[in-house]
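Student: Please take me closely through one part of this structure, the negatively charged patch on its surface. I would also like to follow how the charged side chains elsewhere are paired.

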Amino acid sequence: MTGYSVRIAEVSRELSAKERIKLKDTTDAIKLDEATQSGAIIIEPSLYAVLDVHNEKSDNVDYKNYVLVDKNGDKYVTGSESFWTSFMEIAEEMEDAGEEYAIKAYRVPSKNYKGKEFLTCSVE
């Protein structure tokens, strides 16, 4: 037992075994927190998922990672609840409408913590 495991908790569509394995491996994913340091980025999601991570070596042993895969195959990962809440509101409404969409991921200054920022997104 490695003390580390990843389980797909939610996914936007059925996946092949190969896709599931690739999705659970976030070592090659672009970290949204880093990608948005120098400004907003645009992502056209083709797949998204919630991963339940168990990591014995982490301060917080059980946590969630949120993964977006864009139309080019680039994989983005974040642990940001604020980002994911905004993203899911957009994704659900756009999918209900049957429309393709892109999102703009960006940082916003926190009102609660001076000098801190949080991730969010809006439809593009």
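Tutor: Helix H3, residues 81-97, supplies the largest share of the negative patch, namely five residues, where helices are DSSP runs of H or I with at least four residues, strands are runs of E with at least two, and both are numbered from the N terminus. The model is a predicted one, in which local features need pLDDT of at least 70 and side-chain atom pairs count only at pLDDT 80 or more, while totals for chains, interfaces and linings use all residues. Residues are numbered from 1 along each chain as its sequence is written, and side-chain values use heavy atoms, with hydrogens and water left out.

The patch on the surface gathers Glu 10, Glu 89, Glu 92, Glu 93, Glu 95 and Asp 96. A patch takes in residues with over 30% relative accessible area and no salt bridge, and like charges are joined within 9 Å (for nonpolar side chains, Val, Leu, Ile, Met, Phe, Trp and Tyr, the limit is 5 Å). Asp and Glu count as negative and Lys and Arg as positive, whereas His and the chain ends are not counted; each charge is placed at NZ of Lys, CZ of Arg, CG of Asp or CD of Glu. One member of the patch, Glu 89, is found in helix H3, and Glu 89 counts as exposed because its relative accessibility is 55%. Here buried means under 20% relative accessible area, exposed means over 50%, and partly exposed lies in between; the areas come from the Shrake-Rupley method with a 1.4 Å probe, and for residues only the protein chains shown count as cover.

Charges can also be paired: side chains of opposite charge can pair when their charged atoms come close. The structure holds seven salt bridges, each being a side-chain nitrogen of Lys or Arg within 4 Å of a carboxyl oxygen of Asp or Glu. In one of them, the side chains of Glu 100 and Lys 71 meet at 3.8 Å, N to O. Glu 100 lies in the loop between H3 and S7 and Lys 71 in the loop between strand S5 (62-70) and S6, so this pair ties together parts that are 29 residues apart in sequence. Glu 100 is exposed, at 66% relative accessibility, and Lys 71 is partly exposed, at 42%.

Another salt bridge joins Asp 28 and Lys 75 at 3.2 Å, N to O. Since Asp 28 sits in the loop between helix H1 (17-24) and strand S2 (30-31) and Lys 75 in strand S6 (residues 75-78), parts 47 residues apart in sequence are tied together. The two partners differ in their cover: Asp 28 is exposed, with a relative accessible area of 57%, but Lys 75 is buried, at 11%. Asp 33 and Arg 107 meet at 2.7 Å, N to O, in a further salt bridge, which links distant parts of the chain, helix H2 (residues 32-35) for Asp 33 and strand S7 (residues 103-109) for Arg 107, 74 residues apart. Asp 33 is partly exposed, with a relative accessible area of 41%. Arg 7, Asp 52 and Lys 64, in turn, are linked in a network of salt bridges.

For the setting of all this, the chain has three helices and eight strands, which follow the pattern β-α-β-α-β-β-β-β-α-β-β along the sequence. Of its 124 residues, 39% count as buried.

Definitions and conventions. Buried means under 20% relative accessible area, exposed over 50%, partly exposed in between (1.4 Å probe, protein chains only).
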